[in-house]
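Thank you for making time this morning. I would like to walk through a few local features of one model, and I will ask you to follow along on the screen.

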Amino acid sequence: MFAISLGDDGAELRPLEPWRAEEFLAHMERGREFVGEHIGLADVVHDLDSARAFLQGYADKTANDAGRLCGIWTGGTLVGGVMLRTMDVAAGNAEVGCWLEPAAVGRGLVTRACRILVDWAVEQRGIHRVEWYASTKNTASLAVARRLGMTREGVLRENYAHRGVRTDTEVWAVLAPDWRAAKSA
(Lines give C-alpha, C1' and ligand atoms only; values in the text may rest on other atoms or scores of the structure.)
Protein backbone atom coordinates (compact mmCIF):
# COMPACT_ATOMS: atom_id res chain seq x y z
CA MET A 1 0.00 0.00 0.00
CA PHE A 2 1.10 3.56 -0.55
CA ALA A 3 0.27 6.89 1.01
CA ILE A 4 0.93 10.28 -0.56
CA SER A 5 1.35 13.23 1.76
CA LEU A 6 -1.07 16.08 1.16
CA GLY A 7 1.10 18.57 3.05
CA ASP A 8 2.52 19.53 6.40
CA ASP A 9 -0.74 18.85 8.27
CA GLY A 10 -0.25 15.06 8.09
CA ALA A 11 -3.17 14.44 5.70
CA GLU A 12 -2.66 11.57 3.28
CA LEU A 13 -4.09 10.25 0.04
CA ARG A 14 -4.34 6.44 -0.09
CA PRO A 15 -6.10 3.82 -2.19
CA LEU A 16 -9.65 3.19 -0.96
CA GLU A 17 -10.07 -0.53 -1.51
CA PRO A 18 -12.79 -3.11 -0.72
CA TRP A 19 -11.05 -4.37 2.42
CA ARG A 20 -11.68 -0.91 3.92
CA ALA A 21 -15.49 -1.26 3.60
CA GLU A 22 -16.18 -1.02 7.36
CA GLU A 23 -14.04 2.10 7.68
CA PHE A 24 -15.70 3.59 4.58
CA LEU A 25 -19.18 2.90 5.96
CA ALA A 26 -18.29 4.50 9.32
CA HIS A 27 -16.99 7.54 7.46
CA MET A 28 -20.19 7.73 5.40
CA GLU A 29 -22.30 7.52 8.57
CA ARG A 30 -20.42 10.51 10.02
CA GLY A 31 -20.97 12.59 6.90
CA ARG A 32 -24.11 11.15 5.34
CA GLU A 33 -26.29 14.27 5.35
CA PHE A 34 -23.48 16.62 4.38
CA VAL A 35 -22.19 14.37 1.59
CA GLY A 36 -25.72 13.66 0.40
CA GLU A 37 -26.65 17.31 0.05
CA HIS A 38 -25.40 17.41 -3.56
CA ILE A 39 -24.34 13.91 -4.63
CA GLY A 40 -25.85 10.43 -4.55
CA LEU A 41 -22.95 8.63 -2.84
CA ALA A 42 -24.59 8.90 0.58
CA ASP A 43 -27.71 7.19 -0.76
CA VAL A 44 -25.77 4.40 -2.49
CA VAL A 45 -23.64 3.45 0.54
CA HIS A 46 -26.06 2.54 3.33
CA ASP A 47 -24.76 -0.74 4.80
CA LEU A 48 -21.65 -2.92 4.76
CA ASP A 49 -22.66 -4.81 1.60
CA SER A 50 -23.31 -1.61 -0.37
CA ALA A 51 -20.05 -0.08 0.93
CA ARG A 52 -18.12 -3.15 -0.18
CA ALA A 53 -19.90 -3.20 -3.56
CA PHE A 54 -19.11 0.47 -4.18
CA LEU A 55 -15.44 -0.04 -3.36
CA GLN A 56 -15.32 -3.24 -5.43
CA GLY A 57 -16.77 -1.36 -8.39
CA TYR A 58 -13.84 1.05 -8.23
CA ALA A 59 -11.37 -1.79 -7.73
CA ASP A 60 -12.74 -3.25 -10.96
CA LYS A 61 -12.44 0.13 -12.69
CA THR A 62 -8.83 0.36 -11.50
CA ALA A 63 -8.10 -3.12 -12.82
CA ASN A 64 -9.60 -2.11 -16.18
CA ASP A 65 -7.83 1.28 -16.24
CA ALA A 66 -11.26 2.94 -16.33
CA GLY A 67 -11.24 4.88 -13.05
CA ARG A 68 -9.58 5.32 -9.65
CA LEU A 69 -10.67 5.86 -6.07
CA CYS A 70 -8.52 7.29 -3.29
CA GLY A 71 -9.40 8.18 0.26
CA ILE A 72 -8.26 11.20 2.23
CA TRP A 73 -7.07 10.45 5.76
CA THR A 74 -6.28 12.89 8.56
CA GLY A 75 -4.95 11.68 11.87
CA GLY A 76 -5.51 8.10 10.74
CA THR A 77 -9.22 8.69 10.05
CA LEU A 78 -10.86 8.49 6.63
CA VAL A 79 -12.53 11.89 6.07
CA GLY A 80 -13.23 11.99 2.32
CA GLY A 81 -12.18 10.90 -1.09
CA VAL A 82 -11.40 11.77 -4.66
CA MET A 83 -12.02 9.69 -7.73
CA LEU A 84 -11.74 9.44 -11.41
CA ARG A 85 -15.40 8.53 -11.88
CA THR A 86 -14.72 7.75 -15.50
CA MET A 87 -11.48 7.41 -17.39
CA ASP A 88 -11.19 6.57 -21.07
CA VAL A 89 -7.47 6.39 -21.79
CA ALA A 90 -7.95 5.72 -25.50
CA ALA A 91 -10.12 8.83 -25.92
CA GLY A 92 -8.03 10.84 -23.44
CA ASN A 93 -10.99 11.88 -21.26
CA ALA A 94 -11.68 11.56 -17.54
CA GLU A 95 -14.06 12.95 -14.94
CA VAL A 96 -12.84 13.77 -11.45
CA GLY A 97 -15.13 13.78 -8.41
CA CYS A 98 -14.88 14.22 -4.67
CA TRP A 99 -16.62 14.22 -1.30
CA LEU A 100 -15.70 15.20 2.25
CA GLU A 101 -17.26 14.81 5.67
CA PRO A 102 -18.04 18.02 7.60
CA ALA A 103 -15.20 17.69 10.14
CA ALA A 104 -12.62 18.05 7.35
CA VAL A 105 -14.11 20.98 5.43
CA GLY A 106 -12.19 24.21 4.89
CA ARG A 107 -8.65 22.81 4.98
CA GLY A 108 -7.98 22.49 1.26
CA LEU A 109 -7.87 18.69 1.42
CA VAL A 110 -9.99 18.09 -1.67
CA THR A 111 -8.08 20.62 -3.76
CA ARG A 112 -4.73 19.12 -2.75
CA ALA A 113 -5.93 15.55 -3.37
CA CYS A 114 -7.49 16.44 -6.72
CA ARG A 115 -4.27 18.09 -7.86
CA ILE A 116 -2.45 14.81 -7.30
CA LEU A 117 -5.14 12.78 -9.06
CA VAL A 118 -5.47 15.11 -12.05
CA ASP A 119 -1.70 15.32 -12.40
CA TRP A 120 -1.46 11.52 -12.36
CA ALA A 121 -4.20 11.24 -15.00
CA VAL A 122 -2.53 13.79 -17.28
CA GLU A 123 1.11 12.85 -16.80
CA GLN A 124 0.95 9.10 -16.20
CA ARG A 125 -2.13 8.01 -18.16
CA GLY A 126 -2.02 10.56 -20.96
CA ILE A 127 -5.46 12.02 -20.28
CA HIS A 128 -6.00 15.12 -22.40
CA ARG A 129 -9.25 16.43 -20.87
CA VAL A 130 -10.31 16.22 -17.22
CA GLU A 131 -13.90 17.21 -16.49
CA TRP A 132 -15.63 18.36 -13.31
CA TYR A 133 -19.42 18.28 -12.85
CA ALA A 134 -21.08 19.98 -9.88
CA SER A 135 -24.48 21.26 -8.89
CA THR A 136 -24.81 25.00 -9.44
CA LYS A 137 -25.72 25.13 -5.73
CA ASN A 138 -22.53 23.34 -4.61
CA THR A 139 -20.35 26.43 -4.21
CA ALA A 140 -17.57 24.54 -2.41
CA SER A 141 -17.20 22.08 -5.29
CA LEU A 142 -17.26 24.87 -7.87
CA ALA A 143 -14.52 26.65 -5.91
CA VAL A 144 -12.33 23.53 -6.12
CA ALA A 145 -12.76 23.41 -9.91
CA ARG A 146 -11.72 27.06 -10.05
CA ARG A 147 -8.68 26.48 -7.81
CA LEU A 148 -7.64 23.58 -10.05
CA GLY A 149 -7.47 26.00 -12.97
CA MET A 150 -10.44 24.52 -14.76
CA THR A 151 -12.57 26.51 -17.19
CA ARG A 152 -16.32 26.76 -16.74
CA GLU A 153 -17.80 25.49 -19.99
CA GLY A 154 -21.51 25.74 -19.32
CA VAL A 155 -24.57 24.61 -17.43
CA LEU A 156 -26.61 21.49 -18.05
CA ARG A 157 -30.09 22.61 -17.05
CA GLU A 158 -32.07 20.25 -14.81
CA ASN A 159 -29.99 17.28 -15.96
CA TYR A 160 -29.50 15.58 -12.58
CA ALA A 161 -32.33 14.19 -10.48
CA HIS A 162 -31.14 14.16 -6.88
CA ARG A 163 -33.49 13.04 -4.12
CA GLY A 164 -36.50 13.78 -6.26
CA VAL A 165 -35.43 17.27 -7.39
CA ARG A 166 -33.96 18.08 -10.79
CA THR A 167 -30.85 20.23 -10.45
CA ASP A 168 -28.61 22.20 -12.80
CA THR A 169 -25.02 21.06 -13.23
CA GLU A 170 -22.02 23.20 -14.10
CA VAL A 171 -19.43 21.63 -16.40
CA TRP A 172 -15.78 22.58 -15.88
CA ALA A 173 -12.69 21.13 -17.55
CA VAL A 174 -8.95 21.45 -17.87
CA LEU A 175 -6.95 20.37 -20.90
CA ALA A 176 -3.52 18.77 -20.55
CA PRO A 177 -1.62 21.69 -22.16
CA ASP A 178 -3.32 24.16 -19.81
CA TRP A 179 -2.62 21.91 -16.80
CA ARG A 180 1.06 21.69 -17.69
CA ALA A 181 1.33 25.44 -18.35
CA ALA A 182 -0.21 26.24 -14.96
CA LYS A 183 2.17 23.81 -13.24
CA SER A 184 5.22 25.48 -14.76
CA ALA A 185 4.02 29.01 -14.05
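**Arginine 147, a helix pair, and serine 50**

Let me begin with arginine 147, which is partly exposed, its relative accessible area being 47%; please keep in mind throughout that this is a predicted model. The residue belongs to helix H5, which covers residues 139–147, and, if we leave aside its neighbours within four places in sequence, arginine 147 is in contact with Thr111 and Arg115.

Arg115 takes us on to helix H4, because this residue is one of those through which H4 meets helix H6. Helix H4, residues 109–123, packs against helix H6, residues 176–184, at an angle of about 120 degrees, and their axes are 10 Å apart. That angle makes H4 oblique to H6, and the crossing of the two helices is left-handed. On the H4 side the contact is made by Arg115, Val118, Asp119, Val122 and Glu123, while H6 contributes Ala176, Trp179, Arg180 and Lys183. What is the character of the residues in this contact of H4 with H6? Four are nonpolar and five are charged, with no polar residues.

Turning now to serine 50, we find this residue in helix H3, residues 48–63, and here the relative accessible area is 13%, so serine 50 counts as buried. A polar atom of the serine 50 side chain lies 2.8 Å from the backbone nitrogen of histidine 46, and, not counting residues up to four places away in sequence, serine 50 touches Val44 and Val45.

Notes. Residues are numbered from 1 along each chain as its sequence is written. This is a predicted model: local features need pLDDT of at least 70, side-chain atom pairs count only at pLDDT 80 or more; totals for chains, interfaces and linings use all residues. Side-chain values use heavy atoms; hydrogens and water are left out. Axes are lines fitted to C-alpha atoms, for helices over the stretch in contact, and angles run from 0 to 180 degrees between N-to-C directions. Helices (H or I, at least four residues) and strands (E, at least two) are DSSP runs, numbered from the N terminus. Angles under 35 degrees count as roughly parallel, over 145 as roughly antiparallel, 65 to 115 as roughly perpendicular and the rest as oblique. A crossing is left-handed if the near helix is turned anticlockwise from the far one by less than a right angle, and right-handed if clockwise. Contact means heavy atoms within 4.5 Å. Ala, Val, Leu, Ile, Met, Phe, Trp, Tyr, Cys and Pro count as nonpolar, Asp, Glu, Lys and Arg as charged, and the others, Gly among them, as polar. Buried means under 20% relative accessible area, exposed over 50%, partly exposed in between (1.4 Å probe, protein chains only). A polar contact is a pair of N or O atoms within 3.5 Å; within protein, one must be able to donate a hydrogen and the other to accept it, and residues adjacent in sequence count only if both atoms are side-chain atoms.
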